[in-house]
Amino acid sequence: MDNNDQEPNRKVNFRFDNNRFALIFLIALVGIFFFIFLADGTTPAVELPYSTFYQYLQDGQIDTVKILDYKEIHGVLKSQGVSSDINAFRTRIPYPDDDLMPLMREKGVRVKGDSKGVSPLLIILQTVPWLLGLVFIWFMFRQVQGSGNRAFSFGKSRAKRYTDNGKNLTFGDVAGQKEAKYELQEVVDFLKNPQKFTKIGAKIPKGVLLVGMPGTGKTLLAKACAGEANVSFFHMSGSDFVEMFVGVGASRVRDLFEQGRKNAPCILFIDELDAVGRTRGAGMGGGHDEREQTLNQMLVEMDGFETKDGVIILAATNRPDVLDPALLRPGRFDRQVVVDMPDVQEREDILKIHGKKVPLGPDVDLNRIARATPGTSGADLANLVNEAALFAARDNREQVIMKDFEDARDKLLLGVARRSRVISPEEKKMTAYHEAGHALLHYLLPDADPLHKVTVIPHGRALGLAMSLPEKEIYSRNKKWLLARIKIAMGGFAAEKLTYGETTTGTKSDIEQATALARKMVVEWGMSDELGFITFGQEDEPIFLGKEIARHKDYSETTATTIDKEIQSILRSCQEDTEALLKEHKDSLVLLAENLYEKESLGDREIRELLGYPEVKKVTDL
Ligand code: ADP
Ligand code: MG
Ligand code: ZN
């Protein structure tokens, strides 16, 4: 049974079929048991105690008997006997009774011998129901596990196929996510017209990994890709691959890729990749054999794939950090697309998309709802609209009004707060000033990289983020750039101090970063005037491992003091510069921070517009 050719809504029917199937199965089972019961042949007989039988025998009421293996007697009474309601009977012989045979002969009973039939048919009939029973129990177990068509599709991927006869999603159905859409557009273009790319030998990524928090729309984006390109979409969740039985997952992977090859051009989408793709050998007790086999199979399949076949593999995860590095190697998921949490504007757009599906009252202000739902994801907002509609329905109203949205929001934020992603307004304001401090310095310092985007939406453990974008790949940095980098790192601290007169613990990683840079300038890069062209301390571990670098102390105490002094002097002078610079541009800082608080994220162009800085022409060297 292979349901790959079903439309999505057929799934419901499958459930139904399964239940009906189960019922028929059960009836058949009962029937077989009943048949065996009858097949035993002797069943209508009344079971008599041996003593009663003996009594009847002595009274001469027994007509015929059949002795089975000298253990059991089946017999018939004489019709004119005392107990007319008993005709056929059986009894067990409790002990080897030597008197029995002589007595029977004496009473003229017709005696036949037989053995308890071990006919092959009976054996089959007796074992089959048990086997069927086991299969049935197993089948029910699979049902309970929650997937419709599992029992008879072992090893077959139940990749659901969304083709153009279903509801086709496009990028228009995904609000915001401009950058992700931009990156995925390339995939779409390729799928629409693979020849155009392959003819000139252009390389298209084989696998694209969508990375983002739960509910940010990764699955939605993947589906929209297929819709945009108008190709088939095979969807499968990583957890579907992980099965009780070793080897099943691997065979499912094989099958999924085979489906892909057969139906090219298409998109294979593996949701929750981390369920199979966790780093191998990391399991407790060393044995996640099944998962490792599945992962290995996936790696093998991806390697055996040619993009020119017209198959693109998308995957989604919210834990890219736990993925096996082998998955991220070139030729596999070598491209990552970040799917961000929505900012205010994006939240409003998401609400608009989902608001279209319900009748909205005239007082509904989606912008206000968007502003009142910080830290929520697209899925949360889709849920919010639904909850509001439920509130309206409960009140028997035809339209969803603002009050419904407010009630729904209160309910939603409780849930979100439990996941502890919600930020209080005060905290958000502080973060806005902190990030604005970082961001503003990108514009005030001529040697700094241009800013890409600044946001107060939490990213991992950070409350906010100011992202810079080097114009070109740079392998070596000069002192001016490094000093600018240190000052930018100090910008958050300085802005907090300038605005609130005190600073928060949110500055920890900034301080670490600045200090590490200043230290390297002194001990590695010879950028201190006092100490000059010299390196101190030998590194124990290569930098790219990202571990704390342990150093041999190969210098005197006096030098150590000088090193510390030099580091401090760099940091101190940077700090003074930074604080002075921000004080001088306090108006800009406040303007930027307040806007950031409102909009939650700002791009380079918006900031330039806001602060009246001229648009810079990007230097493009060839
Ligand atoms: P993820 O796969 O990242 O966990 P989903 O793609 O499953 O998230 O999103 C769940 C639902 O949330 C979607 O079906 C959609 O209704 C809604 N949603 C999420 N992000 C967006 C968005 N950017 N635009 C519109 N709807 C969204
Ligand atoms: Mg998903
Ligand atoms: Zn910071």
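1. A word to start with: when lining residues are sorted by type, Ala, Val, Leu, Ile, Met, Phe, Trp, Tyr, Cys and Pro count as nonpolar, Asp, Glu, Lys and Arg as charged, and the others, Gly among them, as polar. With that in hand, look at the largest cavity, whose lining divides into seven nonpolar, two polar and three charged residues. Please keep in mind as you read that this is a predicted model.

2. Let us stay with the largest cavity. Its volume is about 60 Å³, and the structure holds two cavities of 30 Å³ or more. You can find the nonpolar part of the lining in residues such as Met341, Pro342 and Ile423, while Arg347, Lys428 and Glu600 are the charged ones. Gly375 and Thr376 also line the largest cavity, and these two fall in the polar group. Domain 4 (346–414) and domain 5 (425–611) each give at least three residues to this lining.

3. Now for the second largest cavity, which holds about 30 Å³ of space. Which residues line the second largest cavity? They are His442, Ala448, Asp449, Ser468, Trp481, Ala484, Arg485 and Ile488. By type, four are nonpolar, two polar and two charged. Helix α17 (residues 479–500) gives the most to this lining, with four residues.

4. Next, open your view to the largest pocket, with a volume of about 1300 Å³. It is lined by 40 residues, and the closest to its centre are Glu179, Asp340, Glu346, His452 and Lys453. Sorted by type, the lining has 15 nonpolar, twelve polar and 13 charged residues.

5. Where does the lining of the largest pocket come from along the chain? At least two residues each are supplied by α5 (178–192), β11 (335–338), α12 (344–355), β12 (451–455), β14 (601–603) and α21 (604–611). Of the elements, α5 gives the most, with five residues. In terms of domains, at least three residues come from domain 3 (160–339), and at least three from domain 5 (425–611).

6. The zinc ion (ligand 3) deserves a good look. Which protein atoms are its donors? They are NE2 of His434, NE2 of His438 and OD of Asp510, at 2.0 to 2.1 Å from the ion. Along the chain, the donors follow the spacing H-x3-H-x71-D. His438 sits in helix α16 (residues 425–444) and Asp510 in helix α18 (residues 508–523), so this pair ties together parts that lie 72 residues apart in sequence. Both His438 and Asp510 are buried.

7. A short point on cysteines. A disulfide is a covalent bond between the sulfur atoms of two cysteines. How many disulfides does the structure hold? The count is zero. Two cysteines are worth finding in the model: Cys225 counts as buried because its relative accessibility is 0%, and Cys574 counts as buried because its value is 1%. The cut-off behind both calls is that buried means under 20% relative accessible area.

8. Last, try finding Thr578, which lies in helix α19 (residues 557–584). Is Thr578 buried or exposed? It is buried, because its relative accessible area is 1%. From Thr578, trace across to Leu445: the two are 133 residues apart in sequence, and their C-alpha atoms are 9.6 Å apart in space.

Key
Residues numbered from 1 in each chain as written. Chains lettered and ligands numbered in written order. Predicted model: local features only at pLDDT ≥ 70, side-chain atom pairs only at ≥ 80, totals over all residues. Heavy atoms only, no water. Donors = N, O, S within 2.8 Å, 3.2 Å for Na, K, Ca; no water. Buried < 20%, exposed > 50% of the residue type's maximum accessible area, 1.4 Å probe, protein only. 1 Å grid on protein atoms, 1.4 Å probe; cavity = no way out; pocket = protein on both sides within 12 Å on 5 of 7 lines; lining within 4 Å. Points joined across faces, edges and corners; volume = space filled by probe spheres on them. Domains from an automatic or database assignment. Disulfide = S-S within 2.5 Å.
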